[in-house]
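Student: Please give me a close look at the side-chain contacts here, with the placement and burial of the residues that make them. I would like one connected account rather than a list.

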Amino acid sequence: MFKNYFKTALRNLNRHKGYTLINVLGLAVGMASCLLIFMVVRYENSYDKFQPNFNNIYHVITQDKSEDGESYTPGVPYPALEALRQDLPQVKTGALFCNFGCQMAVLDPSGKAIQSKKFVEEQGTFFMDPEFFEVFTYTWLSGSPKVLAKPNAIVLTRSTANRYFGDWKQAIGRSVKMDNDMVYTVEGILEDVPANSDYQITAVASFATLKNNQLYGYTTDWGSTTSNFQVYMLLPSAVKAEAIDQQLKALAKKYYKNEDANKRVNFLRPLSENHFDEQVGNLGNHSTSRSSLTTLSLIAFLIILMACINFVNLSTAQAVGRSKEVGVRKVLGSNRLQLFWQMLGETKVLVVISSILAIFLAWLATPYIKHVISLQEDLHLFTVQTLVFFLLTMITVTLLAGIYPAMILSGFKPVLALKNRINSSTIGGLSLRRVLVVLQFSISQLLIIGTIVAIAQMDFVRHADLGFNKDATLVLDMNNDSITRKKLAAFKQDLLSDAEVKQVSFCNDPPSSNSNWGTNFAYNNQPDENFTLYMKYADESYFETFGLKFLAGQGYAKSDTCTGYVINDCLRKKLHIKSPEDAIGKNFRTGGNPWKKIIGVVKDFNTNSLRETIRPTGIVSLKKVYYRAAIKLSSSNIIRSQEVIQQKWNRYFPEYVYNATFLDKTIEEFYQQESQMALLYKIFAGLAIFISCLGLYGLISFMAVQKTKEVGIRKVLGAKVSSIVFLFSKEFTLLILIAFVIAAPLAWYFMNSWLENFAFRIHIGFGVFAIAILSSIIIAWLSVGYKAIRAAFANPVKSLRTE
């Protein structure tokens, strides 16, 4: 019996090659999309789960509450580490300091740097204490966490040691110099960290070294925090995070100066939320959000649903042609249940064929998905989890696509079937098919509107006025050792001697960055204010280099230390100063520093990404923390200018590797996740439109069969081709309009929620919806046009000769 069913299924598929091709292609594209999205979502959810204590590890977050709301930072004050260990002995507490970019030089036995062995480590260099490895678990190939208790000790990963020394086994006891400042002895080797981790360690120096080095700003001041210094806790299974949070609130009262409306507290964030946290981010170079993964999962479901809808439409369109077959089988003794399983079996055969093609398509697309969403390693298609998911998908698709057509076909009455009395009214369900088309185009228009909004927002982000000039600005990473500081003035003058260089400024950060240096401060001889001030340290050329506009006062003169403060207008407003002019000359102090005067107020500029509001910011001169050179170039010959700058760098600082990026590129990386989502929207909106077109083709095919004689009669009575085409097109236009009415409010709600992630954003106007509906109607007309025109040009004699 099953063999007979199988043969019948293959014959039917071969007989209706066009329908088979459309069905297979639609299901294959839908299943391949679903499989790819599953692989991405599964990978994103796997970050750091290799940690044995994954569910018990927590990150200590700092929250600042003020009259204007809440702000968060992943860092804590330096003295918080010992305070937490003393007051919370029941938990294990480890700390790290992330060194965002450094140079490592391998030393020969005499202690000299090997010129060919200088490496720029843009990420992955940390300072850690031994206790960190009681919280996190890593494989030690040589040494143990105890070696990090010693000053000037460093631990490398296997791949890093291989790069530095050729063979990691030869690394122990060798020396490296970090940033041409501190010499470290290699005391241990770690196995490479898996790619699906937000802690991509390349080298770990002892935290004891950092505490003794003023370059890293170590202080015992509880009012100063940096996002670089982070603390993690491993909670025993019996201890609840909520209980620790309550204790942290008590510690805040003990150590922080929580005055007036300002409240600084710490709380625990689970490691499971680390990869998805949009408030403070993570230390990896790849992050996502749970909302993005939820959106992708929903898109996968909708696409596979659309593919199933196509199958239902095409199968019911074919039902009239198979009515006699069903009638004969019933006369020969088949019951409805047998016919039901036969039809469902045919669906299963088609799904299996589609699955083979889907796996092939997914295999072709897998290498490109890695680059589309910036994954750190290749996705693996043939894993147990992926294959189990795909098997479940096949079963689900078979049931979703096959049950309804099988019920319709197996329910034909043999008398009507054999007398060729089966038609659309007998089959029923034409309204259901229309509902399915409306559902398809609702999904398509939802994705089209989402794509338009995402693209428009990203275009706005790229061209928004940030309050400063980011164009043609080369940001050069520097060291800040005493030798480098002595050469800065000469280096600057040499750069400015080139006609292509407009201006040069040394600073700790450009105006807009992901690095936040917060501190407590006081104004006008009053006690400390109740909110955090964020600092930019820069020389006197900073304002001209970045085109910052003064609302009052002026910049400071050349100096190695603070001679006066320049504040932004946001800070002026938060201090309730009536006008920028009124701020000039007022006393101002940061941390425990002496009082100085406010000498200038600049127009607000975006201090972080456009997701965040502008922060109260102070700008001051402090030479010992200049880690970057911002070089404003003429746009006439940028490539030549870069080459000249590199040559001069190598002449002044031969001990350092040249490492520079353009500021506009750095700022663009702020929105990597949103750009990736916009690209994914484009891809899947295109797939949804493609599948919708197949669905329309299925329904127009059904209508063309049912209206064959009607079209013939109309043509005999004088109907024109255009009126017959309109006969077919008007219904689909109406269905698309209904779909738009459903999709538009949903799309507005979801995309408006997405836009709320941005403090600066576009407004969803009428134009977005107009483009969506017009594009949908045009696509539908193109899909319907072929069948409609073919039916209109058909010879009426052929359709009426049987009457």
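Tutor: The side chains of Thr383 and Thr386 are joined by a polar contact of 2.7 Å in this model, which is predicted. Thr383 sits in the loop between α10 (336-372) and α11 (384-410). Its relative accessibility is 17%, so Thr383 counts as buried; the cut-off for that class is under 20%.

Next come the charged pairs. Side chains of opposite charge can pair when their charged atoms come close. The structure holds 22 salt bridges, and three of them can be taken in turn.

One is between Asp569 and Arg572, whose closest N and O atoms are 2.9 Å apart. Both residues belong to helix α17 (residues 569-574), with a spacing of 3 residues, about one turn of the helix. As for solvent exposure, Asp569 is buried and Arg572 is buried too.

Another pair is Arg85 with Glu82, where the closest N and O atoms of the salt bridge are 3.5 Å apart. Here too the partners are 3 residues apart in one helix, α3 (residues 80-87), which is about one turn. Glu82 has 46% relative accessibility and therefore counts as partly exposed, since that class runs from 20% to 50%. This pair does not stand alone: Glu82 and Arg85 are linked with Asp129 and Glu131 in a network of salt bridges.

The third pair is Glu187 and Lys150, whose side chains meet in a salt bridge of 3.3 Å, N to O. Glu187 lies in strand β10 (residues 182-190), while Lys150 is in the loop between β7 (140-142) and β8 (153-157), so this salt bridge ties together parts that are 37 residues apart in sequence. Glu187 is partly exposed, because its relative accessible area is 23%. Lys150 falls in that class as well, because its value is 39%.

Charged side chains also appear in a surface patch. Asp471, Asp664, Glu668 and Glu669 gather there as a patch of negative charge. Residues of such a patch must have over 30% relative accessible area and no salt bridge. Asp664 has 31% relative accessibility, so it counts as partly exposed. Its place is in helix α20 (residues 663-669).

Lys665 can be set against a residue from another part of the chain: its C-alpha atom is separated from that of Leu474 by 9.8 Å, although the two are 191 residues apart along the chain. Leu474 is found in strand β15 (residues 473-477). With a relative accessible area of 0%, Leu474 is buried because it falls under the 20% cut-off.

Finally, a backbone detail. Asn524 has a positive phi of about 55° and is not a glycine. Asn525 likewise has a positive phi, of about 65°, without being a glycine. Asn524 is found in the loop between β18 (521-523) and β19 (533-537), and Asn525 lies in the loop between β18 and β19 too. Asn524 counts as partly exposed because its relative accessibility is 31%; Asn525, at 47%, is therefore also partly exposed.

Note on methods: Residues are numbered from 1 along each chain as its sequence is written. This is a predicted model: local features need pLDDT of at least 70, side-chain atom pairs count only at pLDDT 80 or more; totals for chains, interfaces and linings use all residues. Side-chain values use heavy atoms; hydrogens and water are left out. Patches are made of residues with over 30% relative accessible area and no salt bridge: like charges are joined within 9 Å, nonpolar side chains (Val, Leu, Ile, Met, Phe, Trp, Tyr) within 5 Å. Accessible areas come from the Shrake-Rupley method with a 1.4 Å probe; for residues, only the protein chains shown count as cover. A salt bridge is a side-chain nitrogen of Lys or Arg within 4 Å of a carboxyl oxygen of Asp or Glu. Lys and Arg count as positive and Asp and Glu as negative; His and the chain ends are not counted. The place of a charge is taken as NZ of Lys, CZ of Arg, CG of Asp or CD of Glu. Helices (H or I, at least four residues) and strands (E, at least two) are DSSP runs, numbered from the N terminus. Buried means under 20% relative accessible area, exposed over 50%, partly exposed in between (1.4 Å probe, protein chains only). A polar contact is a pair of N or O atoms within 3.5 Å; within protein, one must be able to donate a hydrogen and the other to accept it, and residues adjacent in sequence count only if both atoms are side-chain atoms.
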